[in-house]
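Work through the exercises below with the sequence and the structure at hand. Try each task before reading its solution.

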Protein chains: 2
Amino acid sequence: MPQIKRSQPLYEQLMWRIKTQIASGVLEIGEKLPSVREMALIEGLNPNTVAKAYKALEAQNVIETVTGKGTFVRENEGIVDDKLLSQLHLQMTEVVIEAKRAAIDAEQLHKWIEELYGEIS
Amino acid sequence: MPQIKRSQPLYEQLMWRIKTQIASGVLEIGEKLPSVREMALIEGLNPNTVAKAYKALEAQNVIETVTGKGTFVRENEGIVDDKLLSQLHLQMTEVVIEAKRAAIDAEQLHKWIEELYGEIS
DNA sequence: CAAGTGTACTGTGTATTATAGTACACGTAG
DNA sequence: CTACGTGTACTATAATACACAGTACACTTG
């Protein structure tokens with residue numbers, strides 16, 4: 001009922017946090033995530049909001065949920081999805097246009113990518 | 001009053017379209033943009049929605065508005081803003097994490113950047 | 001003055017987000 | 001079997017953002 005000014009939806013922020021933890025190895029494949037009620041206490045959210053994040057992550061094949069047991073980190077299948085590919089290219093286009101405006105050269109972007117590919121798994 | 005399923009707000013889509021046109025040289029520095037009412041007819045939007053986009057673009061120093069005259073493309077100042085920098089890095093992190101999941105290697109991302117830096121201005 | 005410009009309002013309607021609370025079906029440990 | 005924890009599915013309420021409609025005002029220019 002509070003509802004403060006919010007940039008990104010809470011459930012998307014949680015999705016992002018979980019994805020990052022999986023990518024960085026904090027969460028391993030097959031590992032069990034906290035239950036929706038448990039995660040709600042940890043993150044200070046409503047169980048419904050956590051459930052929404054879990055459901056969206058399952059739709060993206062990031063996690064697997066088994067009713068009665070829990071939710072688990074799914075193995076990365078590495079499927080080449082044309083829709084995701086074009087979406088990533090579009091997002092990269094936005095980054096480059098903004099970078100140009102801020103006088104950030106291509107080298108900086110290349111450096112970031114190398115760093116990120118090193119950090120992640 | 002219709003309100004169909006929408007992924008991104010219309011005014012943000014318009015902002016993006018204008019930014020792209022500026023970056024690609026379709027709109028040149030100092031050039032006058034269509035008026036809010038004119039652009040509303042062109043894009044099939046409400047003048048208020050166009051005004052919202054114009055106002056947001058001016059807040060980002062992309063365009064300059066003069067009451068009674070019109071809105072014009074502003075010169076790129078190329079300021080290094082720490083907030084924008086970290087925001088771009090965050091956005092790049094998202095791209096890399098998603099790319100890893102889709103089994104897209106770093107070479108593809110490097111290639112995209114080179115292409116985009118070539119296309120733009 | 002007249003026309004065109006951005007801007008600032010007040011409404012209206014809708015979708016999304018987030019919470020609260022309840023209930024149900026399932027799996028597992030006691 | 002019972003009890004507990006699990007995800008899930010509801011209903012309801014509230015706050016926010018989005019988009020449109022309409023009106024009005026201050027400004028610049030011809």
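**Exercise 1.** In this predicted model, find which element gives the most residues to the surface near DNA strand C.

Solution. Step 1: take a residue as near the strand if one of its heavy atoms lies within 4 Å of it. Step 2: compare the elements; α3(B) gives the most, with 4 residues.

**Exercise 2.** State how many residues surround DNA strand C, and sort them by character.

Solution. Step 1: 31 residues surround the strand. The closest are A:L10, A:N48, A:T49, B:V36 and B:T65. Step 2: look at the strand's side of the contact, where sugar and phosphate make up 71% of the atoms of DNA strand C that come within 4 Å of the protein. Step 3: sort the residues of the surface, which gives 8 nonpolar, 14 polar and 9 charged.

**Exercise 3.** For A:K52, B:T65 and B:R37, decide which part of DNA strand C the side chain approaches: phosphate or base.

Solution. Step 1: in A:K52, a side-chain N or O atom is 3.3 Å from a phosphate oxygen of DNA strand C. Step 2: B:T65 also has a phosphate oxygen as its partner, 3.0 Å from a polar side-chain atom. Step 3: for B:R37 the partner is a base oxygen, at 3.1 Å from a polar side-chain atom. Step 4: list the elements that give two or more residues to this surface. Chain A supplies α1 (10-24) and α3 (47-59), and chain B supplies α2 (36-43), α3 (47-59) and β2 (70-73).

**Exercise 4.** Give the domains of chain A and the separation of their centres.

Solution. Step 1: the assignment gives domain 1 (10-73) and domain 2 (82-119). Step 2: taken over C-alpha atoms, the centres of these two domains are 27 Å apart.

How values were computed. Residues are numbered from 1 along each chain as its sequence is written. Chains are lettered from A and ligands numbered from 1 in the order in which they are written. This is a predicted model: local features need pLDDT of at least 70, side-chain atom pairs count only at pLDDT 80 or more; totals for chains, interfaces and linings use all residues. Side-chain values use heavy atoms; hydrogens and water are left out. Domain bounds come from an automatic or database domain assignment. A polar contact is a pair of N or O atoms within 3.5 Å; within protein, one must be able to donate a hydrogen and the other to accept it, and residues adjacent in sequence count only if both atoms are side-chain atoms. Ala, Val, Leu, Ile, Met, Phe, Trp, Tyr, Cys and Pro count as nonpolar, Asp, Glu, Lys and Arg as charged, and the others, Gly among them, as polar.
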